[in-house]
Amino acid sequence: MNAINDDGFDDETVLDDEEFDAGRLEEELRGAAAVLDPVPAELRRLAVEAYALHDLDARIAELTFDSLVDAIPVRGVTDAPRMLTFRTGELSVDVEVTARGLMGQVLPPQPARIEVLGGPQPAAPATLTADAMGRFAGDVPTAGPFALRLRAGGEVVVTEWLRA
């Protein structure tokens with residue numbers, strides 16, 4: 001029979017911190033769960049879509065100008081960049097969309113972090129940084145639907161989703 005220590009456990013079951021590796025235990029438990037009870041693909045898809053809503057406190061910036069709809073076409077120009085303006089309250093974002101990426105400005109001018117969202121995807125969104133004048137640019141191609149998430153001055157602003 002084993003001796004019971006002051007904590008109420010027998011001495012053979014008490015593990016030292018040196019013997020116990022929580023990281024390895026977690027890794028083995030995750031591996032066992034993946035084999036014995038994998039997450040269904042449909043549930044994984046729903047989880048990714050639900051995570052996209054984690055910015056519920058974000059303000060929505062509405063599209064107020066789209067050169068595809070609002071601009072007067074110029075004769076002879078075939079590959080004009082798409083110009084977009086999003087606005088929410090006092091904040092507006094002007095964006096030029098080309099085949100190579102995005103360029104724009106946050107107004108009123110201020111530093112900001114801009115994430116280019118592209119729908120459910122396993123990788124982190126591409127991130128651009130606006131300088132003190134609010135200007136940003138990056139080689140971020142927007143082939144499908146996209147939206148922008150701006151983090152500026154303690155606020156989070158998300159634009160409407162558009163197809164490039």
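The accessible surface of this predicted model comes to about 11,800 Å². Carbon and sulfur atoms account for 57% of that surface. The protein has 164 residues, and buried residues make up 26% of them.

**Fold outline**

Three helices and 10 strands are present in the protein. Along the sequence the elements follow the pattern α-α-β-α-β-β-β-β-β-β-β-β-β. Contacts also reach across the chain. Among those between residues at least 6 apart in sequence, 48% join residues at least 24 apart.

**Strand E2 and its partners**

Strand E2 spans residues 82-88 and strand E1 spans residues 59-66. Five of the seven residues of E2 are buried, so the strand is mostly covered by the under 20% criterion. E2 pairs with E1 in the antiparallel sense, over four bridges. In that pairing, Leu84 of E2 is the bridge partner of Asp66.

E2 also pairs with E3, again in the antiparallel sense, here over seven bridges. Phe86 stands opposite Val93 of E3. The two strands form a hairpin with two residues between them. Gly89 sits in the turn and has a positive phi of about 60 degrees.

Thr85 belongs to strand E2. Its relative accessible area is 13%, so Thr85 counts as buried. The side chains of Thr85 and Asp94 are joined by a polar contact of 2.9 Å. Leaving aside neighbours within four places in sequence, Thr85 touches Glu62, Leu63, Thr64, Phe65, Val93 and Asp94.

Ser67 lies in helix H3, residues 67-70. With a relative accessible area of 16%, Ser67 is buried. A polar atom of the Ser67 side chain lies 2.8 Å from the backbone nitrogen of Met83. Beyond its neighbours within four places in sequence, Ser67 is in contact with Pro81, Arg82 and Met83.

**Salt bridges**

Side chains of opposite charge can pair when their charged atoms come close. The structure holds eight salt bridges. Three of them are set out here, including their N to O distances.

| Pair | N to O distance | Elements |
|---|---|---|
| Arg30 and Glu26 | 2.9 Å | both in helix H1 (residues 22-36) |
| Arg82 and Asp66 | 2.5 Å | Arg82 in strand E2, Asp66 in strand E1 |
| Glu115 and Arg149 | 2.5 Å | Glu115 in strand E5, Arg149 in strand E8 |

Take the helical pair. Arg30 and Glu26 are four residues apart in helix H1, which means about one helical turn separates them. Arg30 is exposed, with a relative accessible area of 57%. Glu26 counts as partly exposed, at 42% relative accessibility.

The bridge between Arg82 and Asp66 has its closest N and O atoms 2.5 Å apart. Arg82 lies in E2 and Asp66 in E1, so this salt bridge ties together parts that are 16 residues apart in sequence. Arg82 is buried, at 11% relative accessibility. Asp66 is buried as well, at 6%. Asp66 therefore meets E2 in two ways: through its salt bridge with Arg82 and through its bridge pairing with Leu84.

Glu115 and Arg149 form a salt bridge, again with the closest N and O atoms 2.5 Å apart. This pair links distant parts of the chain, 34 residues apart. Glu115 is in strand E5, residues 112-117. Arg149 is in strand E8, residues 145-152. Both residues are buried. They also take part in a network of salt bridges that links Arg113, Glu115, Arg149 and Arg151.

**The nonpolar core**

The largest nonpolar core has 22 residues. Val95, Ile114, Phe136 and Leu148 have the most contacts inside this core. The elements giving two or more residues to the core are E2, E3 (91-97), E4 (102-107), E5, E6 (126-130) and E8.

Which residues does Phe136 contact, leaving aside its neighbours within four places in sequence? Its contacts are Val93, Asp94, Val95, Leu102, Met103, Gly104, Gln105, Val106, Ile114, Leu128, Thr129 and Ala130. Among them, Val95 and Ile114 are also named for the most contacts inside the core. Asp94 appears there too, and the Asp94 side chain is the polar partner of Thr85. Val93 is likewise on the list, and Val93 is the residue opposite Phe86 in the hairpin strands.

Note on methods. Residues numbered from 1 in each chain as written. Predicted model: local features only at pLDDT ≥ 70, side-chain atom pairs only at ≥ 80, totals over all residues. Heavy atoms only, no water. Salt bridge = Lys/Arg side-chain N within 4 Å of Asp/Glu carboxyl O. Buried < 20%, exposed > 50% of the residue type's maximum accessible area, 1.4 Å probe, protein only. Core = buried A, V, L, I, M, F, W, Y, C linked by side-chain atoms within 4.5 Å. Contact = heavy atoms within 4.5 Å. Pairing = 2+ DSSP bridges. Areas by Shrake-Rupley, 256 points an atom, 1.4 Å probe, with all protein chains shown as cover. Polar contact = N/O pair within 3.5 Å; in protein donor to acceptor, adjacent residues only side chain to side chain.
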